Amino acid sequence: MLAVARRKFYLQGEDDRMSRAPIEFGRARMAPLSRLPAFFALDGTRAVVAGGGHAAAWKAELLSAAGARVDVFAPEASEDMRALEATAPAGAVIVHGRAWAPADCAGAAIAVAECADDAEAARFAAAALRAGVPVNVIDRPAYCDFSFGAIVNRSPLVIGISTDGAAPVFGQAVRAKIEALIPKGFARWAEAARAWRPRVAALALSFRRRRSLWEKFTDRAIAAHNALPTDADFTELLTPDTAEAGSVVLVGAGPGDAELLTLRAVRALQSADVILFDHLVSAEVLDFARREARKMLVGKAGYAPSCKQDDINALMVSLATAGRRVVRLKGGDPMIFGRADEEIAACRAAGIDVEVVPGVTAAQAAASRLKVSLTRRLEARRVQYITGHGHDGKLPDNIDWASLADPAVTTIVYMPAKTLPELAAKALAAGLDPAMPAVAVARATRADERTIAGSIGNLPALLPLQAMPEPIVVLIGRVFADYAAKALRGEQPTEGPRQKKCQGQR
């Protein structure tokens with residue numbers, strides 16, 4: 001079945017529409033880096049520091065903390081440097097009361113200098129270069145092979161942060177944010193991982209078993225970061241689980257803004273072997289995926305070549321049956337007009353473990369951008385979601401029109417780009433007030449987001465005039481009265497750099 005799922009695809013007629021098989025995307029290349037993050041192994045090596053000031057003392061402390069024996073050359077050493085010599089964190093710090101000489105660089109693993117001017121910086125960098133030693137001249141990037149950056153220390157978990165010298169204060173602020181997010185107890189778990197890794201290697205486990213073990217280790221470390229890891233934890237990690245048999249996770253990608261992904265969604269993306277994603281999933285969301293994961297476009301596009309649902313189900317099941325961890329990545333929330341029930345049923349019929357990770361649906365995203373509550377007190381008794389796009393591409397024939405005409409309901413219409421005129425006409429015929437406020441939101445939360453505000457009576461005519469990009473949702477109800485009124489007056493009803501507005505006039 002897996003071989004069939006990977007077949008070359010051709011466009012073919014189906015229900016007067018075009019269908020296609022999944023398209024596999026190659027791994028994305030790394031974007032340009034201003035600096036290559038690398039970590040020096042300095043334990044037991046010799047490091048050279050030229051200068052005895054405060055900045056030199058801080059660099060000497062870092063080198064000592066990494067296990068290097070630090071030779072400091074300075075005619076005069078600051079109190080910080082003398083104190084460091086007496087209480088070095090790891091490797092010895094030895095202060096030599098003289099100026100540095102080119103021969104001092106010989107045999108060093110790393111060289112750092114605090115220089116008074118560019119001339120001295122050039123001499124020191126040249127001496128280190130001749131000795132084949134990586135060099136850093138403090139606050140003089142033109143003479144540096146490497147930079148230190150800001151550090152979050154949960155050793156052996158170490159995080160380095162660099163702005164390539166562009167904004168050191170910003171780098172420090174980022175460091176502070178990460179410090180707050182990374183529990184100090186992670187150091188114990190990282191140390192346990194280092195101690196247990198040889199034991200895991202000796203067991204000669206399969207790739208799937210090893211990956212499953214370390215994923216369970218990560219889950220446990222995050223959940224019990226303040227606990228002290230024990231051999232009992234290691235024994236439990238070795239217990240096989242159903243992850244080896246393959247699995248499927250339906251993940252809500254949200255409306256497009258990657259910052260709206262849930263933590264569980266990010267974890268699923270970073271542990272996936274294969275990602276089957278829709279057209280509505282943004283590139284920024286896919287950036288969170290594990291780089292090694294296969295990425296396959298299987299989405300449906302209205303009135304354009306699309307994958308058949310049966311083919312998506314077959315591919316998803318075949319991959320999981322072959323032992324893959326599959327993420328089915330859907331725009332918005334998988335349980336809102338995402339055909340999740342069909343995919344869950346296919347997995348259950350095949351005995352495949354399936355999980356659902358919810359996402360921010362388009363209705364919530366649009367309401368957040370409009371800054372309008374869908375359930376505003378005294379104006380909305382309930383909220384209803386309907387689809388304006390049936391399986392045949394036409395307006396569904398089973399809409400409850402009386403419910404849509406209820407003035408105390410907020411209605412969100414999904415995928416109505418082609419069917420809104422017919423939907424509005426039938427709703428008006430059922431008694432919906434033509435002056436009922438209505439707002440169309442395209443690509444909510446994305447950089448190219450757009451809105452049109454008006455009434456249900458005139459919005460169908462405004463929508464094609466503005467050439468709104470898809471996906472679109474239309475929000476109808478009294479709760480949007482203030483928003484629509486401001487738009488009609490030419491005011492700016494919302495704020496935010498993502499928003500572009502098109503105000504409709506009656």
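Colleague: What joins the side chains of Ser403 and Arg382?

Modeller: A polar contact of 3.2 Å does. The term covers a pair of N or O atoms within 3.5 Å; within protein, one must be able to donate a hydrogen and the other to accept it, and residues adjacent in sequence count only if both atoms are side-chain atoms. Bear in mind that this is a predicted model, where local features need pLDDT of at least 70 and side-chain atom pairs count only at pLDDT 80 or more, while totals for chains, interfaces and linings use all residues. Residues are numbered from 1 along each chain as its sequence is written, and side-chain values use heavy atoms, leaving out hydrogens and water.

Colleague: Why does Ser403 count as buried?

Modeller: Its relative accessibility is 13%, and buried means under 20% relative accessible area (exposed is over 50%, partly exposed in between, with a 1.4 Å probe and protein chains only). So Ser403, at 13%, gets the buried label.

Colleague: And what makes Arg35 partly exposed?

Modeller: Arg35 comes out at 25%, which falls in that in-between range. Arg35 sits in the loop between strand E3 (23-25) and strand E4 (46-50); strands (E, at least two residues) and helices (H or I, at least four) are DSSP runs, numbered from the N terminus. The side chain of Arg35 also makes a polar contact with that of Asp164, at 2.6 Å.

Colleague: How do you know that Cys144 is in no disulfide?

Modeller: A disulfide is a pair of cysteine sulfur atoms within 2.5 Å. A search of the whole structure finds zero of them. For Cys144, the nearest cysteine sulfur belongs to Cys115 and is 9.5 Å away, so the pair misses the 2.5 Å cut-off. Cys144 is still buried, at 18%, and so is Cys307, at 2%.

Colleague: Why are helices H2 and H3 called roughly parallel?

Modeller: The axes of H2 (residues 54-65) and H3 (residues 79-86) come within 8 Å and cross at roughly 20°. That makes H2 roughly parallel to H3, because angles under 35 degrees earn that name (over 145 is roughly antiparallel, 65 to 115 roughly perpendicular, the rest oblique). Axes are lines fitted to C-alpha atoms, for helices over the stretch in contact, and angles run from 0 to 180 degrees between N-to-C directions.

Colleague: Which residues of H2 meet H3?

Modeller: His54, Ala56, Ala57, Ala60 and Glu61 meet Asp80, Met81 and Leu84 of H3, where contact means heavy atoms within 4.5 Å.
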